[in-house]
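Visitor: I would like a close look at a single part of this model. Please take the charged contacts around one buried arginine, and then show me how that part sits among the rest.

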Amino acid sequence: MDKEDVELIDEYEVIKGLVGVLIVRDRDTGLYLYNVIEPTLSDNANRVLMRTRELIKTGSALPESGDIEEHLRSLVNEAMSKLRIRLSDDELRSVMYYLVRDTVGYGKIDPLIRDEYIEDVNVNGPNKPVYVWHSRYEHLRTNITLGSEELGSLIVKVSQRVGKNVSSAYPILEGLLPEGLRVELSLRDVAPHGPIITIRKFRSNPITIVDLIMNNIISAEAMATLWFMLENGINLVIIGPTGAGKTTLLNALLFLIRPEARIVTIEDTREINIPHEQWIPLVVRESETPNVQSVTAYDLVKVSMRIRPDYLVVGELRGEEAYVFFQGLASGHTGLATIHAGSLNAAVRRLLSKPMSVPPALIPLANIFIMINRVKLGDRVVRRVIDISELLDITRGGLRVNTLFRWSKDRDALVKLSDSALIADLIRAGRASQEEVDRELRRRVEVLDAMARYGFRSPDAVFRVTRNYYVDPERTYRAVISGELP
């Protein structure tokens, strides 16, 4: 594509001095495109690269442990010696980049995985452009295409690193790559245009409540209210479409739970990461081996009831485990979960329908529904909590709902609409006075605002503040608003 055909929208580096990204707009179609710019090799550098690859293929196996890059560098030196070529530092760095990319990394799509703005990488079949989901620009077509052989090599590499076989007998693979990336892979047996690969990225350091407040995804006032509710055993369900940030918000909220609490989390693939000592993560296991039992989310929720968690967390409600989860809420466990739905009404319809089949009388036990979604602000796409509501009852006439907070697009703010009926019930039950509730909510808002103001956003800092707050709230409050970690 000629330079005259595109308009430069954005540019940045993925690997300093080596790999860059250009976001451009096609003037004819108006589409935004994602172009990876990799180093250009001189003739000598290309000859060294080819010879080094031959050395790798002919028996110089990569070490399973130790410094792989150092081993590759020794092979490059061997190749230069045999070819009687001496490369400059820049040429050598470029050669090393391609070797690491194609051995330790994931080949041509490795720059996409390294790009911190990329959330999903979508390989839709051989000889088709790879697409990405970009946190700033949403779906983008890249300038990367994988041929049949390249895609086949990537499938082998992915399956080996996940530790699962994929074949015509088992044409679907789901798992977690060593870097913490979730991968979904389908062979041509079930994907006629395939094979297809989707890689979903997660941050090694979880996004915290302070990150969410600083990025205006949720307000300090709303977060303080949810914090108080979690402490007092009020159940929360997060709803939203794919990629809205449901699991991110769930993980952030778990940092607000008392540090000594017993927390059981149930997931298809490990995404939740919290520092609590009594955190028990349980993961679904799908067996492809005869006489090896599959362990479903339903099995794990049943097991969790027997180990008496203070908080039961289900990464995503999808099937019959929802019925057992709500039975757990009815028996007094505090629960958190996410569900894929576009609205509160849609979430309730899913819960009522098969395979979840939750009785209508139990659904209001999921006291609070938090709706998070991607919204467009000007030319940006951002994530926002757009509604926090209490589900008070289900009647023949529909849902009886008390909306606490709702997002205003004009103000780009989460606006408080009403006081909590559930907190009012706590007051009527004598568990707290109105004065105590008002003071506690006000103090927690100030703590969260101060954490955002002073940049106390790391997981360690957030957990340190919440841990100390439970021990000595007033002292912790005074420390944080003065800009100190307790």
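Guide: What follows starts at one arginine and works outward. The model is predicted.

Begin with Arg444. Arg444 sits in helix H13, which spans residues 434-454. Its relative accessibility is 2%, so Arg444 counts as buried. Two salt bridges of this side chain deserve a look. One joins Arg444 to Glu231, with N and O 2.3 Å apart. That pair ties together distant parts of the chain: Arg444 is in helix H13, Glu231 is in helix H7, and these positions lie 213 residues apart in sequence. Glu231 has 27% relative accessibility and therefore counts as partly exposed.

The other partner is Glu440. Here the N to O distance is 2.9 Å. This link is local. Arg444 and Glu440 are four residues apart in helix H13, so about one helical turn separates them. Both Arg444 and Glu440 are buried.

These pairs belong to a wider set. A network of salt bridges links Glu231, Arg258, Glu260, Glu440, Arg443, Arg444, Glu474 and Arg478. Over the model, the count of salt bridges comes to 26.

Now follow Glu231 into its helix. Helix H7 covers residues 220-231 and gives the largest nonpolar core its largest share, nine residues. That core has 67 residues. Those with the most contacts inside it are Ile218, Leu253, Ile368, Ile370 and Ile388. Take Leu253 as a sample. Beyond its neighbours within four places in sequence, Leu253 is in contact with Ile209, Met223, Leu226, Leu230, Leu236, Ile238 and Ile370. A second, separate core has 55 residues, among them Met80, Leu87, Ile118 and Leu151.

Compare another salt bridge. Glu138 pairs with Arg374, and their closest N and O atoms are 3.9 Å apart. This pair also links distant parts of the chain: Glu138 is in strand S6 (residues 138-145), Arg374 is in strand S15 (residues 368-377), and they are 236 residues apart. Glu138 is at 26% relative accessibility, so it counts as partly exposed. Arg374, at 25%, counts as partly exposed too.

Each of those strands holds another residue to check. Thr142 lies in strand S6. Its relative accessible area is 5%, so Thr142 is buried. Its side chain makes polar contacts with backbone atoms. A polar atom of the Thr142 side chain lies 2.7 Å from the backbone oxygen of Val130. The Thr142 side chain also reaches the backbone nitrogen of Ile144, at 3.1 Å. Leaving aside neighbours within four places in sequence, Thr142 is in contact with Tyr34, Leu112, Pro129, Val130, Tyr131 and Val132.

Lys376 is in strand S15. It has a relative accessible area of 51%, and exposed means over 50%, so Lys376 is exposed. Outside its neighbours within four places, Lys376 is in contact with Val381 and Lys409. Lys376 and Ala429 are 53 residues apart in sequence, and their C-alpha atoms are 43 Å apart.

Turn next to open space. The second largest pocket has a volume of about 1000 Å³. Of its 39 lining residues, Arg182, Glu184, Asp268, Thr269 and Arg318 are the closest to its centre. Several elements each supply at least two lining residues, including strand S8 (182-186), strand S9 (196-200), helix H8 (246-254) and helix H9 (297-306).

The loop between S8 and S9 holds Pro195. The peptide bond from Gly194 to Pro195 is cis, with omega near 0°. Another cis bond runs from Lys354 to Pro355, with omega near 5°. Pro355 is in the loop between helix H11 (344-352) and S15.

Finish with backbone angles. Arg308 is in the loop between H9 and strand S13 (311-314). Arg308 is not a glycine, yet its phi is positive, about 50°. At a relative accessible area of 68%, Arg308 is exposed. Arg84 also has a positive phi, about 55°, without being a glycine. Arg84 is placed in the loop between helix H2 (68-83) and helix H3 (89-103). Its relative accessibility is 79%, so Arg84 counts as exposed.

Methods: Residues are numbered from 1 along each chain as its sequence is written. This is a predicted model: local features need pLDDT of at least 70, side-chain atom pairs count only at pLDDT 80 or more; totals for chains, interfaces and linings use all residues. Side-chain values use heavy atoms; hydrogens and water are left out. A nonpolar core is a set of buried Ala, Val, Leu, Ile, Met, Phe, Trp, Tyr and Cys residues joined through side-chain atoms within 4.5 Å. Buried means under 20% relative accessible area, exposed over 50%, partly exposed in between (1.4 Å probe, protein chains only). Contact means heavy atoms within 4.5 Å. A salt bridge is a side-chain nitrogen of Lys or Arg within 4 Å of a carboxyl oxygen of Asp or Glu. A polar contact is a pair of N or O atoms within 3.5 Å; within protein, one must be able to donate a hydrogen and the other to accept it, and residues adjacent in sequence count only if both atoms are side-chain atoms. On a 1 Å grid over the protein atoms alone, a cavity is a set of points where a 1.4 Å probe fits but cannot get out, and a pocket is an open set with protein on both sides within 12 Å along at least five of seven lines; lining residues have an atom within 4 Å of a point. Grid points are joined across faces, edges and corners, and a volume is the space filled by probe spheres set on the points.
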